[in-house]
Amino acid sequence: NDIDNIICAGTNITFSSTQNNGGILPFYQWKLNGNNIGLNAPTLTLNTIIDGDIISLMMTSNAIPCLFTTNAVSNLIPIKVLTSNITASANKTNICYGDTIILKGSGAVSYKWDNNVTDNKPFVPTITTTYNILGTDSNGCKNTASVIIKVNSLPFAEYIQSSSNKLMVLGTILLNGHASLGKPPYTYHWKTDISKATIIDKINP
């Protein structure tokens, strides 16, 4: 017999049997889709059942005068396996340090993220991280999903190199910017006091 033949994927399910006139030590042979499975025992526990599998039991009595001559075959138990299709998504997966993102689960009715993330609420990641979500659907079945957020370092303008440390009035010098971190190649945007000098950004850097 079974209490509930509808289960969530990956759930343990235990089958048990009752017998009459089986003797003190009857022999139990469990079957999965007609194939022998399990041990010689009155119960069978599985967690690899797939949708549509059928469980049955054949028992051989050792009771006199039926000693090992009579096989009793149980009813067939078809199993319905429910699968939760949980997905995890982000509005951005490749960001700069300091950017805000939103992670969102779908396919369930409730969600729980790790790393103190709240579903569909903005937050600021600080390092590249794999975020995992546990979703529970309307059947009570659970499943997990994940999404990787890559956090890129901000570029750092280290110093400016000048072609000369002296400049005549209305003269011209060449300035070269040097940066690090982030991801090259870099784009430079020059700023100055326009009342004192003009930068012609024709050469980059």
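## Strand pairing in the sheet

Two strands are taken to pair if DSSP finds at least two bridges between them. In this predicted model, strand β12, which covers residues 101-106, meets that condition with β14: two bridges join these strands, and they run antiparallel. One of the residues involved is I102, whose bridge partner in β14 is P122.

β12 and β14 belong to an open sheet of three strands, arranged in the order β10-β12-β14 with antiparallel pairing. The edges are occupied by β10 (87-90) and β14 (122-123); each has a single partner strand, so one side of each is left without a neighbour in the sheet. Strands of a sheet pair through backbone hydrogen bonds, in either a parallel or an antiparallel manner.

## The disulfide and the cysteines

The structure holds one disulfide. This bond joins C8 to C141, with an S to S distance of 2.0 Å. C8 belongs to strand β1 (residues 6-8), while C141 sits in the loop between β15 (129-136) and β16 (142-152), so the pair ties together parts that are 133 residues apart in sequence. The torsion about the S-S bond of C8 and C141 is about -85 degrees, and the disulfide is therefore left-handed.

Both ends of the bond can be placed with respect to the surface. C8 has a relative accessibility of 17% and counts as buried, because the limit for that class is under 20%. C141 is also buried, with a relative accessible area of 1%. A further cysteine, C96, is partly exposed, at a relative accessible area of 38%.

## Nonpolar cores

The largest nonpolar core has 15 residues, of which L103, W113, Y131, V147 and I149 touch the most other members. Two or more residues of this core come from each of the elements β12, β15 and β16. The greatest contribution is that of β16, which gives four residues.

The surroundings of V147 can be listed in detail. Leaving aside residues up to four places away in sequence, V147 touches A88, A90, T93, L103, W113, T129, T130 and Y131. Apart from the largest core lies another core, of 14 residues, which includes I7, L44, I55 and I77.

## Aromatic pairs

How many aromatic pairs does the structure hold? There are two aromatic pairs. F15 and W30 form a tilted pair, with 6.5 Å centre to centre and 45 degrees between the planes. F15 lies in strand β2 (residues 13-16) and W30 in strand β3 (residues 27-32), so this pair ties together parts that are 15 residues apart in sequence. F15 is buried, at a relative accessible area of 0%, and W30 counts as buried at 3% relative accessibility.

F123 and Y131 also form a pair: their ring centres are 5.5 Å apart and their planes stand at 70 degrees, so the pair is edge-to-face. The angle decides this class because planes over 60 degrees apart count as edge-to-face. F123 counts as buried at 18% relative accessibility, and Y131 counts as buried at 5%. Y131 links this pair to the topic of the preceding section, being among the residues that touch the most other members of the largest nonpolar core and also one of the contacts of V147.

Methods. Residues are numbered from 1 along each chain as its sequence is written. This is a predicted model: local features need pLDDT of at least 70, side-chain atom pairs count only at pLDDT 80 or more; totals for chains, interfaces and linings use all residues. Side-chain values use heavy atoms; hydrogens and water are left out. A disulfide is a pair of cysteine sulfur atoms within 2.5 Å. Buried means under 20% relative accessible area, exposed over 50%, partly exposed in between (1.4 Å probe, protein chains only). A nonpolar core is a set of buried Ala, Val, Leu, Ile, Met, Phe, Trp, Tyr and Cys residues joined through side-chain atoms within 4.5 Å. Contact means heavy atoms within 4.5 Å. Rings of Phe, Tyr and Trp (its six-membered ring) pair if their centres lie within 6.5 Å; planes under 30 degrees apart count as stacked, over 60 as edge-to-face and the rest as tilted.
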